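This briefing is for a reader meeting the structure for the first time. Please look over the sequence and the model before reading the notes.

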Amino acid sequence: MSQASRAAVTDAPRPDTGRVRRLRLPARLRNLELLLLLIACGINAAAIVLVQLGALGHVDLTLVYLGVGLSVLVFGMHIALRYVAPQADPFLLPIATVLNGIGIAEIYRIDIHYADVGWNSAGVRQIVWSAIAIICALVVIMVIRNHRVLQRYTYIFGFAALLLLLLPMLPGIGQEIFGARVWIHIGPFSFQPGEIAKLCLAVFFAGYLVQRRDSLSMVGKKFLGMRFPRARDLGPILVVWLMSMAVIVFQRDLGTGLLIFGLFLVMIYTATARISWVILGVLLIVGGAVVASQVLPYVNDRFQNWLNPFSQQVYDAQGGSFQLVQGLFGLAHGGLIGTGLGQGQPWVTPVANSDYIIASLGEELGLAGLFAIFALYLLFVARGLRIGFAGQDDFGKLLAVGLSFTVALQCFIVIGGVTRVIPLTGLTTPFLAAGGSSLVANWIIVALLLRLSDTVRNQPRLVVS
């Protein structure tokens, strides 16, 4: 046989082999996810048992049984993925599961100190909300079979986001907690609609920027080697900035305002690849922060607590730095390897199970434990960005980047505030902190990223391998 004939035979297509590879890839991904889920559920069960042994000296199986029920829901979602999203990313669900479980264990540890049981226990409520959040994620993954469908409702999502942000301002259902008016209260239930609003905004920003990308990126005058947008193209960023400032002024929610503007800024940079938008956004953020710190007393207090936390006057003041300092002392008490689950004193810090759960975990798990948690967040965000960069449609790219960055920015804002890197805000740590609305929103993010990773058709191995 000639060399040309051998080359032709070698290069001939092998449809059977390709078919086998396509069939085996989804099964391999889901089997990897199953293995990781078993490890995640084992870690969660061990964390609850260690909390009980450390704080009580014996094991109470009641919460363990509730945790088993939660694990059943997680495995139910895994089974659903085998049928409706077989090529979805195998890491997202296990990471969310283990973070959620560690948060429940630490919240339950604080409940033990206060002898809270039943529905009065924040740990039990967190398990119930986790179950609701997982069911919501399962519904999303079952109903939305292709993420491109969301693009049809771009402006509906924008209107829904605006409506959700306005709900806490309505008399009768709006509720003010710890000085921030971001909650609605209906009967026995309270909910923070801003958590769902950030998801609606991510979809709206993605759809809007896909439509307006050319005018926002290709037109403008050059200055200092950068192309800046025209004055008439500054409308979107100014509107979002004003929306963020309105949240800060009227709802007294510094964290959500910063999150909304930061989300838009990253997405518009991803859509246009123009650093000039980032520069303009940073100038608006700095200018708004300076004005707010001088005009709004509660923002000024946050800055004073950040700059002078150990001043006796600031420490003793109403709304002073007591909480921040106690959190720092808790982190210092934990040291490198922590006191051990169930053996610290996290309750010394106010709201240790929500805003300051990072300080609580830092005390009992130490710096090593916190680094492990941060690594999980880093992997989660990296997988989300990988999904976005591997996608072929612009809407999917922007949506994946926006959802991933929402988790990343929220982690930075919360952890940076607790560790005194930036002024403290009122956001909660994703998956870890007590709070039903935050859990539901973050589990929906997981579901959307899973759907995005499955519906990416071109070069799928870059997304899920």
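The notes below cover two helix pairs, the nonpolar cores and one buried serine. The model is predicted. Its largest nonpolar core has 106 residues, and another core, of seven residues, lies apart from it.

**Helix 4 and helix 16**

- Helix 4 covers residues 92-114 and helix 16 covers residues 436-455; their axes are 10 Å apart and the packing angle is about 165°.
- Because angles over 145 degrees count as roughly antiparallel, helix 4 is described as roughly antiparallel to helix 16.
- The crossing of helix 4 past helix 16 is right-handed.
- On the helix 4 side, the residues in contact are Leu92, Leu93, Ala96, Thr97 and Asn100, and they meet Leu439, Trp443, Val446, Leu449 and Leu450 of helix 16.
- Sorted by class, this contact between helix 4 and helix 16 holds eight nonpolar residues, two polar ones and no charged ones.

**Ser130**

- Ser130 belongs to helix 5, which spans residues 122-143.
- Its relative accessible area is 0%, so Ser130 is buried.
- When neighbours within four places in sequence are set aside, Ser130 is in contact with Leu70, Asn100, Ile104 and Leu439.
- Two of these partners also appear in the helix pair above: Asn100 on helix 4 and Leu439 on helix 16.

**Nonpolar cores**

- Within the core of 106 residues, Leu399, Leu403, Leu432, Trp443 and Leu449 have the most contacts.
- Trp443 and Leu449 are also among the helix 16 residues that meet helix 4.
- Leu399 touches Leu150, Ala202, Val203, Ala206 and Leu452, with residues up to four places away in sequence not counted.
- The separate core of seven residues includes Met245, Ile248, Leu254 and Val299.

**Helix 8 and helix 10**

- The axes of helix 8 (residues 235-250) and helix 10 (residues 275-295) cross at roughly 25° and come within 11 Å.
- Since angles under 35 degrees count as roughly parallel, helix 8 is described as roughly parallel to helix 10.
- Helix 8 passes helix 10 in a crossing that is right-handed.
- Helix 8 contributes Ile237, Leu238, Trp241 and Met245 to the contact, and these meet Trp277, Gly281, Leu284, Ile285 and Gly288 of helix 10.
- By class, the contact of helix 8 with helix 10 has seven nonpolar residues, two polar and no charged.
- Met245, one of the helix 8 residues in this contact, is also listed in the core of seven residues.

Methods
Residues numbered from 1 in each chain as written. Predicted model: local features only at pLDDT ≥ 70, side-chain atom pairs only at ≥ 80, totals over all residues. Heavy atoms only, no water. Axes fitted to C-alpha atoms, helices over the stretch in contact; angles between N-to-C directions. Helix = DSSP H or I, 4+ residues; strand = E, 2+ residues; numbered from the N terminus. Parallel < 35°, antiparallel > 145°, perpendicular 65-115°, else oblique. Left-handed = near helix turned anticlockwise from the far one by under 90°. Contact = heavy atoms within 4.5 Å. Nonpolar A, V, L, I, M, F, W, Y, C, P; charged D, E, K, R; others polar. Core = buried A, V, L, I, M, F, W, Y, C linked by side-chain atoms within 4.5 Å. Buried < 20%, exposed > 50% of the residue type's maximum accessible area, 1.4 Å probe, protein only.
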